[in-house]
Amino acid sequence: MRIIFILIVFVCSFIPYHIVKNDWSKELKLKRTVIATGYSSRKCETDATPHITASNKRVRDGFIACNFLKFGTKIRIPHIFGNKIFVVEDRMHRRKKNHVDIWFASTHDAKKFGRRKNVIIEVIG
């Protein structure tokens, strides 16, 4: 029994998020530190249907690709975008386990955003 408890504590110590409470009226479900990148609707960055997401919706501002959250999950990236809310509607390559890919209307804006490490996201629903 003691070994099981130690094992559970050990495994839980690697979970990269924690429960927090927001200062606003909404309560956060979790915060997580990720790598954030930007992408646009070009065939070389997506699949054969660059303007359709994995959830079968047409791309628009505020959509993100993410593998560790389910479709429709709402997040904020407060240190970069303030209170803007993003919705998970797309997926990335399966090797991208701790990434968030933010859709931009232009390739220039996506490249300008680039790749950022240690970005804190707040999952709100």
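Select Phe113 to begin: in this predicted model, Phe113 is buried, with a relative accessible area of 7%. Keep the side chain of Arg116 in view as well, since the charged end of Arg116 sits over the ring of Phe113, at 4.1 Å from the ring centre.

Now add Phe81, whose ring centre is 6.0 Å from that of Phe113 while the two planes are at 20°, so this pair is classed as stacked. Because Phe81 belongs to helix H2 (residues 78–81) and Phe113 to helix H3, the pair ties together parts that are 32 residues apart in sequence. Phe81 itself is partly exposed, with a relative accessible area of 24%.

Next select Phe86, which counts as buried at 1% relative accessibility. The ring centres of Phe81 and Phe86 are 5.0 Å apart and their planes stand at 70°, so this pair is edge-to-face. With Phe104 added to the selection, the whole group is on screen: Phe81, Phe86, Phe104 and Phe113 form one aromatic cluster. The structure holds 3 aromatic pairs.

From Phe86, move to strand S5, residues 85–90, which is mostly covered, 5 of its 6 residues being buried. Show strand S4 (residues 74–76) beside S5, and the two are seen to run antiparallel, joined by 3 bridges; here Ile75 stands opposite Phe86. Then show strand S3 (residues 63–66), which pairs with S5 in the parallel sense, also over 3 bridges, and where Ala65 stands opposite Asp90.

Return to Ile75 and display its surroundings. Leaving aside neighbours within four places in sequence, Ile75 is in contact with Ile64, Leu69, Lys84, Ile85, Phe86, Val100, Ile121, Glu122, Val123 and Ile124.

Which residues have the most contacts inside the largest nonpolar core? They are Ile64, Ile75, Ile77, Val100, Ile102 and Ile121, in a core that has 18 residues. To trace this core through the fold, colour the elements that give two or more residues to it, namely strand S2 (30–39), S3, S5, strand S6 (99–103), helix H3 (107–113) and strand S7 (115–123). Apart from this core lies another, of 5 residues, and selecting Tyr39, Val59, Ala65 and Met92, which are among them, will locate it.

For the last stop, select Arg91 together with Phe71: the charged end of Arg91 sits over the ring of Phe71, 4.1 Å from its centre.

Methods
Residues are numbered from 1 along each chain as its sequence is written. This is a predicted model: local features need pLDDT of at least 70, side-chain atom pairs count only at pLDDT 80 or more; totals for chains, interfaces and linings use all residues. Side-chain values use heavy atoms; hydrogens and water are left out. Buried means under 20% relative accessible area, exposed over 50%, partly exposed in between (1.4 Å probe, protein chains only). Helices (H or I, at least four residues) and strands (E, at least two) are DSSP runs, numbered from the N terminus. Two strands pair if DSSP finds at least two bridges between them. A nonpolar core is a set of buried Ala, Val, Leu, Ile, Met, Phe, Trp, Tyr and Cys residues joined through side-chain atoms within 4.5 Å. Contact means heavy atoms within 4.5 Å. Rings of Phe, Tyr and Trp (its six-membered ring) pair if their centres lie within 6.5 Å; planes under 30 degrees apart count as stacked, over 60 as edge-to-face and the rest as tilted. A charge sits over a ring if NZ of Lys or CZ of Arg is within 6 Å of the ring centre and within 35 degrees of the ring normal.
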